[in-house]
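Visitor: I should like to learn how to read a protein structure feature by feature. May we take one as an example?

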Amino acid sequence: EQVEEFQYLLSRLMSLLFCYAMCDISNLDRSRFPHLDLDMLDPASLVYLESTSSKQHVALQWIQRMVVEGARHNVIDIAPPILSRVFQELSIGIVHFMDAKKISV
């Protein structure tokens, strides 16, 4: 059950990250980039997310924190080298996002 909850929330946060990144790069309205429902997130977190200008960075931070907590509580059984690769790939992705944002401005 914990693994399914982890997967469920991770897929929604990745969807949210993609949505906000595309909105930021394209300067289009968020309705053009739908994301999966966020029913697992508490309302206070959603209010904070809407109030910040760096929504994609907040979503990335939530993903990273979730992966760390999942590994700490053995929800995901993953070897440390592979786990570090997860963070490396997320970091590379946000760098590419920032590069794309520079070009789109």
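Guide: What follows is a short guided reading of this structure, which is a predicted model.

Visitor: Let us begin with the overall architecture. How many helices and strands does the protein have?

Guide: The secondary structure comes to 4 helices and 0 strands. Read from the N terminus, the elements run α-α-α-α. The C-alpha trace spans about 40 × 30 × 20 Å along its principal axes.

Visitor: What share of the contacts with a separation of 6 or more comes from residues 24 or more positions apart?

Guide: Such residues account for 63% of those contacts in the protein. One pair shows how positions in sequence and in space may be set side by side: Gln-64 and Tyr-8 are 56 residues apart in sequence and 15 Å apart in space, C-alpha to C-alpha.

Visitor: Let us turn to the interior. What percentage of the residues count as buried?

Guide: Of the 105 residues of the protein, 32% count as buried. As a general idea, nonpolar side chains in soluble globular proteins tend to be buried together. In this structure, the largest nonpolar core has 24 residues, and Leu-13 and Leu-16 touch the most other members. Helix 1, helix 3 (55–72) and helix 4 (80–104) each supply at least two residues of this core. Helix 3 gives the most, with 8 residues.

Visitor: Which residues does Leu-13 contact, leaving aside its neighbours within four places in sequence?

Guide: Leu-13 is in contact with Leu-41, Ala-59, Trp-62, Ile-63 and Met-66.

Visitor: Where does Gln-64 lie, and which residues does Gln-64 touch?

Guide: Gln-64 is part of helix 3. Setting aside residues up to four places away in sequence, Gln-64 touches Phe-87 and Leu-90.

Visitor: I would next ask about Ser-15. Is Ser-15 buried or exposed?

Guide: Ser-15, found in helix 1 (residues 2–26), has a relative accessible area of 15% and is therefore buried, the limit being under 20%. Beyond residues up to four places away in sequence, Ser-15 touches Pro-34, His-35 and Leu-36. With Leu-36 there is also a polar approach: a polar atom of the Ser-15 side chain lies 2.9 Å from the backbone nitrogen of Leu-36. Ser-91, by comparison, is 76 residues from Ser-15 in sequence and 17 Å from Ser-15 in space, C-alpha to C-alpha.

Visitor: How should one read cysteines, and how many disulfides are there?

Guide: A disulfide is a covalent bond between the sulfur atoms of two cysteines. Here the count comes to 0 disulfides. Cys-19 is in no disulfide, and the nearest cysteine sulfur, that of Cys-23, is 4.2 Å away.

Visitor: Why is there no bond between the sulfur of Cys-23 and that of Cys-19?

Guide: The two sulfurs are not bonded because 4.2 Å is too far for a bond; the cut-off is 2.5 Å. Both residues can also be read for burial: Cys-19 is buried, with a relative accessible area of 1%, and Cys-23 is buried, with a relative accessible area of 12%.

Visitor: Finally, how are aromatic rings read, and how many aromatic pairs does the structure hold?

Guide: A pair of aromatic rings is described by the distance of the centres and the angle of the planes. This structure holds 0 aromatic pairs. A ring may be read in another way, however: the charged end of Arg-12 sits over the ring of Tyr-8, 3.5 Å from the centre of that ring.

Notes:
Residues are numbered from 1 along each chain as its sequence is written. This is a predicted model: local features need pLDDT of at least 70, side-chain atom pairs count only at pLDDT 80 or more; totals for chains, interfaces and linings use all residues. Side-chain values use heavy atoms; hydrogens and water are left out. Buried means under 20% relative accessible area, exposed over 50%, partly exposed in between (1.4 Å probe, protein chains only). Contact means heavy atoms within 4.5 Å. A polar contact is a pair of N or O atoms within 3.5 Å; within protein, one must be able to donate a hydrogen and the other to accept it, and residues adjacent in sequence count only if both atoms are side-chain atoms. Rings of Phe, Tyr and Trp (its six-membered ring) pair if their centres lie within 6.5 Å; planes under 30 degrees apart count as stacked, over 60 as edge-to-face and the rest as tilted. A charge sits over a ring if NZ of Lys or CZ of Arg is within 6 Å of the ring centre and within 35 degrees of the ring normal. A nonpolar core is a set of buried Ala, Val, Leu, Ile, Met, Phe, Trp, Tyr and Cys residues joined through side-chain atoms within 4.5 Å.
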